[in-house]
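Visitor: I should like to learn how to read the features of a protein model. May we take them in turn, with the general idea before the case at hand?

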Amino acid sequence: MRNCPVCMSKKRNLIMEQNFTIPDQWMIPNNLGLYLCSKCGMAYLDADKASQDVYDDYYRSGQFNFVGQNDLESTLRLEALGLEIQSICESEYRILDVGGEDGHLLNILVAQGFTKIETCGPSMDVEGYFDLLVMSHLVEHIYDMDSFFARLRPHLKPYTRLMVEIPVWTEYPETEEGWQTYDFNLIHINKFRSIDLSRMFSRVNFKCDKTQNLPNVRRFKCLRYQGHYMGPSEYPVIVWGLSDDVLNLVGGWNVEQYVDRSPVYRGCTIKGVPILDHVESSAPIVIGAIHSKDAIREEIRAAGLLNELIYL
Ligand SMILES: [Zn+2]
């Protein structure tokens, strides 16, 4: 039995059974219960014999061709996603396309001039930290969300961006009868509305920046979520500019030093880490002064410092 992918609660109500007739050789569950979480209202599928391993085997065996490289809708969708990534990311960003092992989005981004792109499956078999994580039509398929998030966490640094696309249910039916005409799908095991997706990522410390409605893929309404990581990270950083936004977050960061020229901070430390008026190492610099980030960037570069810069 799985818990709610959004709020982790185990309390749920069965809405209806969904029964599918499938090939004898397929091991994925074909009798699925559609549940509504009693705590947060998320709708999701579950079955007695379901497990992440069962679904992983199903995808690995290629029984369902769920990414259409030759399908025009998918091509247009990924090209639009590439343009959105280009609009928010620097070309040197390290980007991970989770679930993009077919390499289609990777090729689009390479053609746009990005140089540090990797792909992986939900097993997250990658090293190090990333500036942007992309999950296009992935999370609606994940059975064990807690394990997935646990594997994700070591790859997050302050302000890692997140871009997620899903089929979306704009509202749930109000009656049991309404669900009968709603959605039958063997592998869309998480039935997100926009609010469900934002809540789910907020429990792992992502803040939603915006959501966008997208054109349908096949018969599904689609949504794009964009957010950034606000949680703890071991990634070593220098923090330049002690705005309240930053002071809210630095408790979970691995800060080597602070830079702030306000006289109120002269001689001060934060948990023993000094607040100075200059940079003393080559660690990445988080620019916390949102309104003067351009001036700070120019000053850093004019001083010949090549530190990686992270912007709020
Ligand atoms: Zn829930």
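**Reading the model**

Guide: Lys 271 is placed in the loop between β13 (269–270) and β14 (273–276). The model in which this loop appears is a predicted one.

Visitor: What is the phi of Lys 271?

Guide: Most residues other than glycine have a negative phi. Lys 271 is not a glycine, yet its phi is positive, at about 50 degrees.

Visitor: Is Lys 271 buried or exposed, and why?

Guide: Lys 271 counts as exposed because it has 7 C-beta neighbours inside 10 Å, and the cut-off for exposed is 12 or fewer.

Visitor: Where is Met 8 found, and what is its phi?

Guide: Met 8 is in the segment before β1. Its phi is near 75 degrees, a positive value in a residue other than glycine. Met 8 is partly exposed, since 15 other C-beta atoms lie within 10 Å.

Visitor: Let us turn to the whole chain. How many helices and strands does the protein chain have?

Guide: The protein chain has eight helices and 16 strands. Its C-alpha trace spans about 70 × 45 × 30 Å along the principal axes. Of the 312 residues, 30% are buried. Among contacts between residues at least 6 apart in sequence, 62% join residues at least 24 apart.

Visitor: Which domains does the domain assignment give?

Guide: The assignment gives domain 1 (12–60), domain 2 (72–229) and domain 3 (236–311). Between the C-alpha centres of domain 2 and domain 3 the distance is 31 Å.

Visitor: How should I read a sheet?

Guide: Strands of a sheet pair through backbone hydrogen bonds, either parallel or antiparallel. In this model, an open sheet of four strands has the order β1-β2-β3-β8, and its pairing is antiparallel. The edge strands are β1 (12–19) and β8 (190–191), each of which pairs on one side only.

Visitor: How many bridges join β1 to β2?

Guide: Seven bridges join β1 to strand β2 (residues 31–37), and the two run antiparallel. One bridge can be located by its residues: Arg 12 has Cys 37 in β2 as its partner.

Visitor: In what sense do β9 and β10 pair?

Guide: Strand β9 (residues 206–217) and strand β10 (residues 220–229) pair in the antiparallel sense, over nine bridges. Cys 208 stands opposite Gly 227 in β10. The two strands form a hairpin with two residues between them, and Arg 218 in the turn has a positive phi of about 50 degrees.

Visitor: Which residues of helix α3 are buried?

Guide: In helix α3 (residues 104–111), the buried residues are His 104, Leu 105, Leu 106, Ile 108 and Leu 109. Their cover includes α2 (72–88), β4 (94–98), β5 (116–120) and β6 (130–136). After α3 comes Gly 113, with a positive phi near 105 degrees.

Visitor: At what angle do α2 and α3 pack?

Guide: The angle is about 45 degrees, and the axes of α2 and α3 are 9 Å apart. That angle makes α2 oblique to α3, because it falls outside the ranges for roughly parallel, roughly antiparallel and roughly perpendicular. The crossing of α2 and α3 is right-handed. At this packing, Leu 78, Glu 79, Leu 81, Gly 82 and Ile 85 in α2 meet His 104, Leu 105, Ile 108 and Leu 109 in α3.

Visitor: Finally, how may separation in sequence be compared with distance in space?

Guide: Ile 142 and Asn 190 offer two cases. Ile 142 lies in the loop between β6 and α4 (145–152). From Ile 142 to Phe 206 there are 64 residues in sequence and 18 Å in space, C-alpha to C-alpha. Asn 190, found in strand β8, is 93 residues from Ala 283 in sequence and 40 Å from Ala 283 in space, C-alpha to C-alpha.

Visitor: Which residues are in contact with Ile 142, neighbours within four places in sequence aside?

Guide: With those neighbours set aside, Ile 142 is in contact with Pro 122, Phe 148 and Asn 190. On the same basis, the contacts of Asn 190 are Pro 5, Tyr 44, Val 139, Glu 140 and Ile 142.

Visitor: How many other C-beta atoms lie within 10 Å of Ile 142 and of Asn 190?

Guide: Ile 142 has 19 and is partly exposed, whereas Asn 190 has 23 and is buried. The two classes part here because a buried residue needs 20 or more.

Terms used. Residues are numbered from 1 along each chain as its sequence is written. This is a predicted model: local features need pLDDT of at least 70, side-chain atom pairs count only at pLDDT 80 or more; totals for chains, interfaces and linings use all residues. Two residues are in contact if their C-beta atoms, placed from the backbone, lie within 7 Å. Two strands pair if DSSP finds at least two bridges between them. Domain bounds come from an automatic or database domain assignment. Axes are lines fitted to C-alpha atoms, for helices over the stretch in contact, and angles run from 0 to 180 degrees between N-to-C directions. Angles under 35 degrees count as roughly parallel, over 145 as roughly antiparallel, 65 to 115 as roughly perpendicular and the rest as oblique. A crossing is left-handed if the near helix is turned anticlockwise from the far one by less than a right angle, and right-handed if clockwise.
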